[in-house]
Amino acid sequence: MATGTLEATLIPDSSILLQDEDKRPLPRCGERTESRRACSYEVQEVVDGESVVVSRGETVALNRSEDGVLLVMNRAPRTNQIIEVHAHRGLLRRTAHVYEARWTKSVQMESLGDVYLVGCRRVLGPCHYISF
């Protein structure tokens, strides 16, 4: 992990997730790559059998792997809540991913105030589309 990055400041060695009884680190499921991509998002819930958007806004994807993403959000979703993330991929091209929030951590950032790091597991995606 590179030193001096936002990720290095906020998170200890992000390549280590758990430790076993012998205190040896166990690696994450997949290798993470730095992203720092601005995205829009929608947090969804199921109400009466229908998917309902309960909040939406802008987020930053700090890093991602084949299995998940680390987001910075203004509001903390509940664990297991579904988050649909949309990223720009050119003039009209966009990509959607569906993630499940696995954990959140409140952090104080001088420029943003109180924000939340949100660790997410990929449920579906990528889905590429054109937005007019």
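Two strands count as paired when DSSP finds at least two bridges between them, and the strands themselves are DSSP runs of E with at least two residues, numbered from the N terminus. The model is predicted, and local features need pLDDT of at least 70, side-chain atom pairs count only at pLDDT 80 or more, while totals for chains, interfaces and linings use all residues. Residues are numbered from 1 along each chain as its sequence is written, and side-chain values use heavy atoms, with hydrogens and water left out.

**Exercise 1. Trace the barrel**

State in what order the six strands of the closed barrel run, and describe the pairing of neighbours, with bridge counts where available.

Solution. The closed barrel follows the order 3-4-5-8-7-6, and its pairing is antiparallel. From one strand to the next the twist averages 45°, where axes are lines fitted to C-alpha atoms and angles run from 0 to 180 degrees between N-to-C directions.

Begin with strand 3 (residues 33-47) and strand 4 (residues 50-64), which are joined in the antiparallel sense by 13 bridges. Gln44 has Val53 in strand 4 as its bridge partner. These two strands form a hairpin with two residues between them, and Asp48 in the turn has a positive phi of about 55°.

Turn next to strand 7 (residues 93-109) and strand 8, an antiparallel pair with 15 bridges; here Val98 stands opposite Leu124 in strand 8. Strand 6 and strand 7 are also antiparallel and are joined by seven bridges, with Ala87 opposite Thr95 in strand 7. Four residues lie between strand 6 and strand 7 in their hairpin, whose turn contains Gly90 with a positive phi of about 130°.

Finally, six bridges join strand 3 to strand 6 (residues 82-88), again antiparallel. Within this pairing Ser40 stands opposite His86, and Tyr41 stands opposite Val85.

**Exercise 2. Examine the salt bridges**

Find how many salt bridges the model has, and work out for several of them which residues take part and how accessible these residues are.

Solution. The criterion is a side-chain nitrogen of Lys or Arg within 4 Å of a carboxyl oxygen of Asp or Glu, and by this rule there are five salt bridges. For accessibility, buried means under 20% relative accessible area, exposed over 50%, and partly exposed in between, with a 1.4 Å probe and protein chains only.

One of the pairs is Glu34 with Arg36, whose side chains meet at 2.9 Å, N to O. Glu34 is partly exposed at 47% relative accessibility, and Arg36 is partly exposed at 39%.

Another is Arg56 with Glu42, where the closest N and O atoms are 2.9 Å apart. This pair links distant parts of the chain, since Arg56 lies in strand 4 and Glu42 in strand 3, 14 residues apart. Arg56 counts as exposed because its relative accessibility is 56%, whereas Glu42 counts as buried because its value is 19%.

A further pair is Arg102 with Glu100, with 3.6 Å between the closest N and O atoms. Arg102 is partly exposed, with a relative accessible area of 42%, and Glu100 is buried, with 11%. Glu100, Arg102 and Arg121 are linked in a network of salt bridges.

**Exercise 3. Check the cysteines**

Determine how many disulfides the model contains, and classify Cys120 and Cys127 by accessibility.

Solution. A disulfide is a pair of cysteine sulfur atoms within 2.5 Å, and by this rule the count is zero. Cys120 is buried because its relative accessibility is 4%, while Cys127 is partly exposed because its relative accessibility is 37%.

**Exercise 4. Locate a nonpolar patch**

Identify which residues make the nonpolar surface patch of about 550 Å², and place Phe132 along the chain.

Solution. Patches are made of residues with over 30% relative accessible area and no salt bridge, like charges being joined within 9 Å and nonpolar side chains (Val, Leu, Ile, Met, Phe, Trp, Tyr) within 5 Å. The areas come from the Shrake-Rupley method with a 1.4 Å probe, and for residues only the protein chains shown count as cover. The patch is made by Leu91, Leu92, Ile130 and Phe132. Phe132 is found in the segment after strand 8 (113-130), and Phe132 counts as exposed because its relative accessible area is 87%.
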